[in-house]
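Q: Please take a close look at a single part of this predicted model, the turn that follows one of its helices, and then place that part in its wider setting.

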Amino acid sequence: MSKHREKETADKVSGAPKQEIIDEPSGVSAVEKLAENAEKQAKKARKEEKALAKAEKKARKEAEKAAKEAKDGKDGKDKKSEKKAKKSKKAAAALAASAAAAAADADTRAADAAPLPKLFEPLTLRSVTFRNRIWLPPMDTYSVFAQDGKPTPFHYQHYVSRALGGFGLIICESTAVAPEGRISPNDVGLWEDGQVDAWRWIVDDIKKAGAVAGVQLNHGGRKASTGSFSLGYINQTVPAERGGWQPLGPSPIAFGKCVTPTEMTVEQIHAVVDQFRAAAQRALWAGFQVVEIHAAHGYLLSEFLDPLVNQRTDEYGGSFENRARLLVDVVDAVRDVWPAGLPLFVRVSATDWSVEKGSWDLKQTIALAAKLRNHGVDLVDVSTGGIVSGVSIPAAPNYQVPFSEAVHHQVDIPTTTVGLITEPRQAEDILEQDRATAVEIGRAALREPYWPLRAAAALGVDRNDAPYPPQYIRGAYGTKR
Ligand SMILES: Cc1cc2nc3c(=O)[nH]c(=O)nc-3n(C[C@H](O)[C@H](O)[C@H](O)COP(=O)(O)O)c2cc1C
């Protein structure tokens, strides 16, 4: 497959904010460092080999000379010469053994300089370099107990610890573009300027820890105003007295036990486009380097895509073009304010898993991804489900990988895959088989924030090439004491 637009570099695009690029941890330098080290080691080994060969030659000559002297000695009884010959022979044998060991050592060093596992290969999209391809997907923590959309010290600890744990990209959780776009009253947001500073310290320290900082922008649509672990009302609409509100949707069709949403007017649809634009602008001010638009899991943008949920008869419903219109308008609006040097992702549900004819499926996802690519989207984050309730989902390790693979190859666009990927070898195989450009580790990263460090050890990456913070290198996997 062609090398996608992964290879696009800063000089290919214009308008990139320079400081965004300069501060990037350059994963490429890690590779260069590796190559440089390997070359140094190989040079040293060659030198040692040469010296040993020379010494061996000298010893052999001496042994031959001594043997000759012994032979030529009177009646072969020159004991002194015999002894000398024996000694020289022994030295020659020892030197030969050393030379062989040095050669074997050189071979091992060459093997050590083998290319990094794919998981640890850096990736450049536009002008942003990701140090590796192990990414943290967006996962809502429902932890804004003040209900003001501002991330808290909990969010700081949660995201910065995973950046220290070696992830290449941290995609911060579903972040509402409007108060009524929150999935729960406890969601974070970027719907007003006052929220920017609350994000900035988190973003700064994610970057200082060597990861790229991304944010997922979302509008919850008919699944907004649902419960959380602190409020209760799980999978239901939260009542007004607990901070809930009346949700919006493309059509008055309820999701599961949630209340029936209000069908949006065209003016309300236009307002959502503006909200995404303004939130992306704030994400830039906060220092984020990647924006991901959430068009999956049954939130507003994916509701418009799926004919089971969108039964509008205006220009936003009916045909594929009409159902995709809102998402494409949002992408265009975000691209308007999102610098050309920074990547834009879209997360999609590649299928709604419904068996109903004409419902949202992989074929439409592929058509959508091609459209998104033409509108400046750099990567599709391929998930599934969540759009309609009551369907059966065959969740198992790698169950969403075929969808990523299809989008990746049929559209020729970078993708990520996610879903029950828990083991380093499993993740590495996905990349080696070119089924995705990067993998996302979700729930496994909730229990193991340093998953990439374990993966590095499991895949034989030298500790100096693994994404250890310098402070942690003494505790690297393989340390004996
Ligand atoms: C606690 C939790 C919160 C989540 N919140 C979001 C979210 O905010 N946005 C989103 O797109 N997906 C969300 N997801 C889905 C994850 O990003 C991921 O796709 C899913 O967990 C499957 O990957 P995994 O098997 O590696 O966990 C969430 C998942 C979990 C477990």
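A: Just past helix H13, Gly460 adopts a positive phi of about 80°. The model is a predicted one, and the description below starts from this point and works outward.

Leu459 also belongs to the segment after H13. Leu459 counts as partly exposed because 17 C-beta neighbours lie inside 10 Å, whereas 20 or more would be needed for a residue to be buried. Setting aside residues up to four places away in sequence, Leu459 touches Pro117, Leu119, Pro424 and Glu428. The pairing with Pro424 spans 35 residues along the chain, yet the two C-alpha atoms are separated by 7.2 Å.

The helix before this segment, H13, covers residues 451–458. Its buried residues are Trp451, Pro452, Leu453, Ala455 and Ala456. These buried positions pack against strand E3 (134–136), helix H11 (424–432) and helix H12.

Helix H12 (443–447) leads on to the ligand: together with strand E4 (169–176), H12 is one of the elements that give two or more residues to the shell around the ligand. That shell holds 20 residues, and the closest are Pro137, Asp140, Ser174, Gly442 and Arg443. Sorted by class, the surrounding residues are nine nonpolar, seven polar and four charged.

Strand E3, another partner of the buried face of H13, is followed by a loop that runs to helix H4 (153–164), and Gln147 is located in that loop. Most residues other than glycine have a negative phi. Gln147 is not a glycine, and its phi is nevertheless positive, near 60°. With 15 other C-beta atoms within 10 Å, Gln147 is partly exposed.

Asn235 likewise has a positive phi in a residue other than glycine, near 60°. Its place is in strand E8, residues 232–237. Asn235 counts as exposed because it has 12 C-beta neighbours inside 10 Å, and the exposed class takes in residues with 12 or fewer.

A further packing arrangement in the chain involves two helices. Two packed helices are described by the angle between their axes and the distance between the axes. For helix H8 (residues 320–337) and helix H9 (residues 362–374), the angle is about 40° and the axes are 11 Å apart. H8 is therefore oblique to H9. The crossing of this pair is right-handed. On the H8 side, the contact is made by Phe320, Ala324, Val328 and Val331, and on the H9 side by Gln364, Ala367, Leu368, Lys371 and Leu372. By class, the residues of this contact are seven nonpolar, one polar and one charged. An α-helix has 3.6 residues a turn, so residues three or four places apart point the same way. The H8 residues of the contact, Phe320, Ala324, Val328 and Val331, can be read with that periodicity in view.

As for the chain as a whole, its secondary structure comes to 13 helices and 15 strands. Of the 481 residues in the protein chain, 44% are buried. Among contacts with a separation of 6 or more, 73% are accounted for by residues 24 or more positions apart. The approach of Leu459 to Pro424, 35 residues apart along the chain, can be set beside that figure.

Methods
Residues numbered from 1 in each chain as written. Predicted model: local features only at pLDDT ≥ 70, side-chain atom pairs only at ≥ 80, totals over all residues. Axes fitted to C-alpha atoms, helices over the stretch in contact; angles between N-to-C directions. Helix = DSSP H or I, 4+ residues; strand = E, 2+ residues; numbered from the N terminus. Parallel < 35°, antiparallel > 145°, perpendicular 65-115°, else oblique. Left-handed = near helix turned anticlockwise from the far one by under 90°. Contact = placed C-beta atoms within 7 Å. Nonpolar A, V, L, I, M, F, W, Y, C, P; charged D, E, K, R; others polar. Near = placed C-beta within 6 Å.
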